[in-house]
Amino acid sequence: MTREWEDAVHRGSIDELQRLLTSGADIDARDGHGQTALMLAAVEGYGHVVGWLVERGAALDHTAKYGLSALMLAVVRGHVDVVRRLTDVGASVSLRGTGAPGFAEKTALDLAIARGGTEMVEILRSAAARRRT
């Protein structure tokens, strides 16, 4: 991931992201921690950037450190809007974290329950139920 791309995500600048994407930036490039732009936007709670990236084909289920996906990172940070957006477009609710205590073998739902995020728990349960049918 280029520094420009990463900075644009951290600023939430869709105009800059569009310019960089048009110039050939890799939408799924990873930073030094293995995180994609979608993951960084989820951490920041930038629903508008998450939506923009998804509309342009960003991979939903890449994982980085501790096996966390963009959806899981949004849960950990308490960004309900981002959790809703990602589940609505099909982000996996069955991925499990790895390694670190607190993340190992936990799904996004497990993380939401541990966090006490009632609304997130309902969103994730509903998404899981839709996928079982």
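The radius of gyration used here is taken over C-alpha atoms, and the globule rule is 2.2 Å times the number of residues to the power 0.38. With 133 residues, that rule puts a compact globule near 14 Å; the chain has 14 Å, which agrees. The model is predicted.

**Whole chain**

Start with the whole chain in cartoon view. The chain has 8 helices and 0 strands, and read along the sequence the pattern is α-α-α-α-α-α-α-α. Along the principal axes, the C-alpha atoms fill a box of roughly 40 × 30 × 25 Å. Colour by accessibility next: 44% of the 133 residues count as buried. Of the contacts between residues at least 6 apart in sequence, 64% join residues at least 24 apart.

**Helix α3**

Select residues 37-44, which form helix α3. In this helix 7 of the 8 residues are buried, so α3 is largely enclosed by the rest of the structure. The buried residues are A37, L38, M39, L40, A41, A42 and V43. To see what covers them, add α1 (3-11), α4 (47-55), α5 and α6 (80-88), which are included in the cover. Past the end of the helix, click on G45: this residue follows α3 and has a positive phi, near 80°.

**α3 against α5**

Keep α3 on screen and add residues 70-77, helix α5. The two axes come within 8 Å and cross at roughly 15°. An angle under 35 degrees counts as roughly parallel, and α3 and α5 are therefore roughly parallel to each other. The crossing in which α3 passes α5 is right-handed. Show side chains for L38, M39, A42 and V43 on the α3 side, and for A70, L73, A74 and R77 on the α5 side; these residues make the contact. By class, the contact of α3 with α5 has 7 nonpolar, no polar and 1 charged residues.

**α5 against α7**

Hide α3 and bring in residues 108-115, helix α7. Here α5 and α7 pack at an angle of about 5°, their axes 9 Å apart. That makes α5 roughly parallel to α7. From α5, select L71, M72, V75, V76 and R77; from α7, select A108, L111, A112 and R115, which they meet. The classes in this contact are 7 nonpolar, no polar and 2 charged residues. R77 can stay selected from the previous stop, since R77 is listed in the contact of α5 with α3 and also in that with α7.

**The loop before α3**

Go back to the loop between α2 (14-22) and α3, where H33 is found. T36 lies in this loop as well. Which of the residues in contact with T36 lie beyond four places in sequence? They are M1, D28, A29, R30 and H62. T36 counts as buried, because its relative accessibility is 1% and the cut-off for buried is under 20%.

Now centre on H33. Is H33 buried or exposed? H33 is exposed, with a relative accessible area of 58%. Leaving out residues up to four places away in sequence, H33 touches A64 and K65. Draw a distance from H33 to A64: C-alpha to C-alpha, they are 6.8 Å apart in space, although 31 residues apart in sequence.

**Helix α2**

Move to E16 in helix α2. Beyond residues up to four places away in sequence, E16 touches E4, A8 and R11. For another distance, pick the C-alpha atoms of E16 and E6: these residues are 10 apart along the chain, and the atoms are separated by 11 Å.

**Two loop residues with positive phi**

Most residues other than glycine have a negative phi. Two stops are to be viewed against that background.

The stop at Y66 is in the loop between α4 and α5. Its phi is positive, near 65°, in a residue other than glycine. At 34% relative accessibility, Y66 counts as partly exposed.

The stop at E105 is in the loop between α6 and α7. The phi of E105 is near 65°, a positive value in a residue other than glycine. E105 is exposed, with a relative accessible area of 54%.

Terms used:
Residues are numbered from 1 along each chain as its sequence is written. This is a predicted model: local features need pLDDT of at least 70, side-chain atom pairs count only at pLDDT 80 or more; totals for chains, interfaces and linings use all residues. Side-chain values use heavy atoms; hydrogens and water are left out. Axes are lines fitted to C-alpha atoms, for helices over the stretch in contact, and angles run from 0 to 180 degrees between N-to-C directions. Helices (H or I, at least four residues) and strands (E, at least two) are DSSP runs, numbered from the N terminus. Angles under 35 degrees count as roughly parallel, over 145 as roughly antiparallel, 65 to 115 as roughly perpendicular and the rest as oblique. A crossing is left-handed if the near helix is turned anticlockwise from the far one by less than a right angle, and right-handed if clockwise. Contact means heavy atoms within 4.5 Å. Ala, Val, Leu, Ile, Met, Phe, Trp, Tyr, Cys and Pro count as nonpolar, Asp, Glu, Lys and Arg as charged, and the others, Gly among them, as polar. Buried means under 20% relative accessible area, exposed over 50%, partly exposed in between (1.4 Å probe, protein chains only).
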